[in-house]
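Dear colleague,

I am handing over the structure we spoke about, and below it I set out what was found in it, one region after another. Please keep the model open while you read, so that you can look up each residue as it comes.

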Amino acid sequence: FQIARVKYAEPGEAKVRLTVYHKNTGKIVQSRSTPVTCSTTAVRSNFKHNYHIFGQQEATFQGVPMTDDIVAVARFYLRKRAEHGVSDLYNSQPHDNRIYDDETLVAWGTIPLMLTRNDIMRVNVGTHTIQLYEVPVPEISLLPLEEHWKPKDWKRCGKATLKMHIFQGKT
């Protein structure tokens, strides 16, 4: 996985946490050595207005069991910039430790990791722009496994989107 950017988000310090689940059980998928979850380092939206550029931060996993019920959930955490003046946030190093608090989770998005066409299952490789939705994140069992599925009950988080790359290679 590579996380590239979040577009049309509010200014502040942000992180993305990506977790891959089995939709049927709601449990995190296990690779050969670790759970399939990763997070970016914190970035600030001070490069381009309403953009959080993660610079192609990458995580790889080996020995991931490929089943048809795997879905990836991206959670977008944001500590918003102070409204008036320059806050302490911009005078110091990023605050990685506290950014995963419930109050900083502002949006989420999902994408199926596996696609099945004509009874052939494959990894959903490529560059994807994922729409972000307002919290709360629904139960994993309610997430779609279809590509480009449009939910009716989830409220979009403005026009915010996450750009990420899914790739597969041999080890």
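Strand β2 pairs with β3 in the antiparallel sense over three bridges, and within this pairing the bridge partner of T19 is T37 in β3. Please bear in mind from here on that you are looking at a predicted model. The pairing of β2 with β6, which covers residues 70-80, is also antiparallel and is made by eleven bridges, with V16 standing opposite F76 of β6. A further antiparallel partner of β2 is β4, residues 43-44, joined to β2 over two bridges, and there you will find A14 opposite V43. As for how far β2 is covered, ten of its eleven residues are buried.

It may help to step back to the whole chain for a moment. The protein has eleven strands and zero helices, so that, reading from the N terminus, the order of elements is β-β-β-β-β-β-β-β-β-β-β. Of its 171 residues, 45% count as buried. If you take the contacts between residues at least 6 apart in sequence, 78% of them join residues that are at least 24 apart.

Next comes the interior. In soluble globular proteins, nonpolar side chains tend to be buried together. In this model the largest nonpolar core has 31 residues, and those with the most contacts inside it are F1, V6, V16, V20, F76, L162 and M164. At least two residues of this core come from each of β1 (2-7), β2, β6, β7 (105-112), β10 and β11, and β6 gives the most, with five residues. Apart from this core lies another one, made of eight residues, among them V71, W108, Y133 and W154.

F76, which was met above as the residue opposite V16, deserves a closer look. Leaving out residues up to four places away in sequence, F76 touches V6, A9, A14, K15, V16, H52, T104, L105, V106, A107 and L132.

Where is S31 to be found? S31 sits in the loop between β2 (12-22) and β3 (37-39). Its relative accessible area is 9%, which is under the 20% cut-off, and S31 is therefore counted as buried. Not counting residues up to four places away in sequence, the residues that S31 touches are V36, F61, Q62, G63 and V64.

F61 also appears in the description of the largest pocket, where F61, M66, F167, Q168 and G169 are the residues nearest the centre, out of a lining of 17 residues. Sorted by class, that lining contains ten nonpolar residues, six polar ones and one charged one, and the space in the pocket comes to about 410 Å³.

M66, another of the residues nearest the pocket centre, is in contact with M121, as are T67, D68, M114, L115 and T116, once the neighbours of M121 within four places in sequence are left aside. M121 belongs to strand β9, residues 120-123. How far apart are M121 and T67 in sequence and in space? They are separated by 54 residues in sequence, while their C-alpha atoms are 8.3 Å apart in space. Is M121 buried, partly exposed or exposed? With a relative accessible area of 36%, which falls between the limits of 20% and 50%, M121 is classed as partly exposed.

Finally, there are some details of the backbone to check on your screen. In the loop between β8 (114-117) and β9 you will find N118, which has a positive phi of about 50° although it is not a glycine. D119 is placed in the loop between β8 and β9 as well, and its phi is also positive, near 60°, in a residue other than glycine. N118 has a relative accessible area of 74%, and because this is over 50% it counts as exposed; D119, at 78% relative accessibility, counts as exposed for the same reason. Elsewhere, V135 and P136 are joined by a cis peptide bond with omega of about 10°, and P136 lies in the loop between β10 (126-134) and β11 (156-166).

With best wishes

Key: Residues are numbered from 1 along each chain as its sequence is written. This is a predicted model: local features need pLDDT of at least 70, side-chain atom pairs count only at pLDDT 80 or more; totals for chains, interfaces and linings use all residues. Side-chain values use heavy atoms; hydrogens and water are left out. On a 1 Å grid over the protein atoms alone, a cavity is a set of points where a 1.4 Å probe fits but cannot get out, and a pocket is an open set with protein on both sides within 12 Å along at least five of seven lines; lining residues have an atom within 4 Å of a point. Grid points are joined across faces, edges and corners, and a volume is the space filled by probe spheres set on the points. Ala, Val, Leu, Ile, Met, Phe, Trp, Tyr, Cys and Pro count as nonpolar, Asp, Glu, Lys and Arg as charged, and the others, Gly among them, as polar. Helices (H or I, at least four residues) and strands (E, at least two) are DSSP runs, numbered from the N terminus. Buried means under 20% relative accessible area, exposed over 50%, partly exposed in between (1.4 Å probe, protein chains only). Contact means heavy atoms within 4.5 Å. Two strands pair if DSSP finds at least two bridges between them. A nonpolar core is a set of buried Ala, Val, Leu, Ile, Met, Phe, Trp, Tyr and Cys residues joined through side-chain atoms within 4.5 Å.
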